[in-house]
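User: I am a first-year student, and I would like a close look at one single part of this chain. Please begin with one residue, and then explain how its surroundings connect to the rest of the chain.

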Amino acid sequence: MPRRILVVDDEPDNDLVLEAILEENGFEVDCYADPLSALEKFKPNMYDLLLLVIKMSKMDGFQLSKEMKKIDNKVKTCFLTACEIYYEQFRKGEEFAVLSKDLFLRKPIQNEEIIQQVKRIMD
């Protein structure tokens, strides 16, 4: 059975690119441009990985991850951002200590690297 990934990025073009890359590599992918819609439809044991952009309107990726972990605490998470401030905040911040096992990737990132990191996280 293919592994399932939930992608949440409020830039629809980014969703389409990530979906295409991941599906070409054998993953089943659901994408949402609205984090609140993604949270509303999220169910336990539905996904193997959350691929969340940090900076979004309505709810940021950190908040979304925390809410989704309340529903399914076993799902793995990978954060994507182009913003250096978020990277430093994640790396140093005590408030994100609960996310220490999760992965943080800085954009821009090559397609091959995304696939490598996703496979590494899921293994």
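Analyst: The residue chosen here is D9, which counts as buried because its relative accessibility is 1%, and the limit for that class is under 20%. The model is a predicted one, and the description below should be read accordingly.

D9 sits in the loop between β1 and α1, the helix of residues 12–24. Within this loop, a polar atom of the D9 side chain lies 2.9 Å from the backbone nitrogen of E11. Which residues does D9 touch, once its neighbours within four places in sequence are set aside? D9 is in contact with N14, D15, Y32, A33, V53, M56 and K107. Two of these partners can be placed at once by their numbers: Y32 belongs to strand β2, residues 28–32, and V53 belongs to strand β3, residues 49–53.

The helix that follows the loop deserves the next step. Helix α1 has 13 residues, and the distance from its first C-alpha to its last is 18 Å. That span is close to the 18 Å expected at 1.5 Å a residue. Which residues of α1 are buried? They are D15, L18, I21 and L22. These four cover an arc of only 140° around the axis, and therefore they lie on the same side of α1. One of them, D15, is also a contact of D9. On the other side of the helix, D13, L16 and E24 are exposed. The helix thus has a buried side and, on the other side, exposed residues.

Against what do the buried residues of α1 pack? Their partners are β1, β2, β3, β4 (residues 76–81) and α5 (residues 111–122). E19, another residue of α1, has a relative accessible area of 22% and so counts as partly exposed. Apart from neighbours within four places in sequence, E19 is in contact with V29 and C31. The C-alpha atom of E19 is separated by 7.6 Å from that of V7, although the two residues are 12 residues apart along the chain. Just after α1, G26 takes a positive phi of about 90°.

Strands β1 and β2, which have both appeared above, are also linked by charged side chains. R4 and D30 form a salt bridge in which the closest N and O atoms are 2.6 Å apart. R4 is in strand β1 (residues 4–8) and D30 is in strand β2, so this bridge joins distant parts of the chain, 26 residues apart. Are these partners buried or exposed? Neither class applies: R4 counts as partly exposed at 23% relative accessibility, and D30 is partly exposed at 26%.

A search of the whole structure finds five salt bridges, among them one between K58 and D34, with the closest N and O atoms 3.4 Å apart. K58 lies in the loop between β3 and α3 (residues 61–71), while D34 lies in the loop between β2 and α2 (residues 35–41), so the bridge ties together parts that are 24 residues apart in sequence. K58 itself counts as exposed, at 63% relative accessibility.

A further bridge joins E67 to K70, with the closest N and O atoms 3.0 Å apart. Both residues lie in helix α3, three residues apart, which is about one turn of the helix. E67 counts as partly exposed at 30%, whereas K70 is exposed at 63%. Salt bridges that share partners also join R4, E28 and D30 into one network.

The whole chain provides the setting for these details. It contains five helices and five strands, which run from the N terminus in the order β-α-β-α-β-α-β-α-β-α. Of its 123 residues, 42% are buried, and D9 is one of the buried residues. Among contacts between residues at least 6 apart in sequence, 68% join residues at least 24 apart.

Finally, a word on confidence. The mean pLDDT of the chain is 84, and 83% of its residues reach 70 or more. Over residues 97–101, however, pLDDT stays under 50, and the model has four contacts beyond four places in sequence for that stretch. Where pLDDT is low, the predicted coordinates should not be read in detail.

Terms used. Residues numbered from 1 in each chain as written. Predicted model: local features only at pLDDT ≥ 70, side-chain atom pairs only at ≥ 80, totals over all residues. Heavy atoms only, no water. Salt bridge = Lys/Arg side-chain N within 4 Å of Asp/Glu carboxyl O. Helix = DSSP H or I, 4+ residues; strand = E, 2+ residues; numbered from the N terminus. Buried < 20%, exposed > 50% of the residue type's maximum accessible area, 1.4 Å probe, protein only. pLDDT = per-residue confidence, 0-100. Contact = heavy atoms within 4.5 Å. Polar contact = N/O pair within 3.5 Å; in protein donor to acceptor, adjacent residues only side chain to side chain. Expected span 1.5 Å × (residues − 1). Arc of directions from axis to C-beta.
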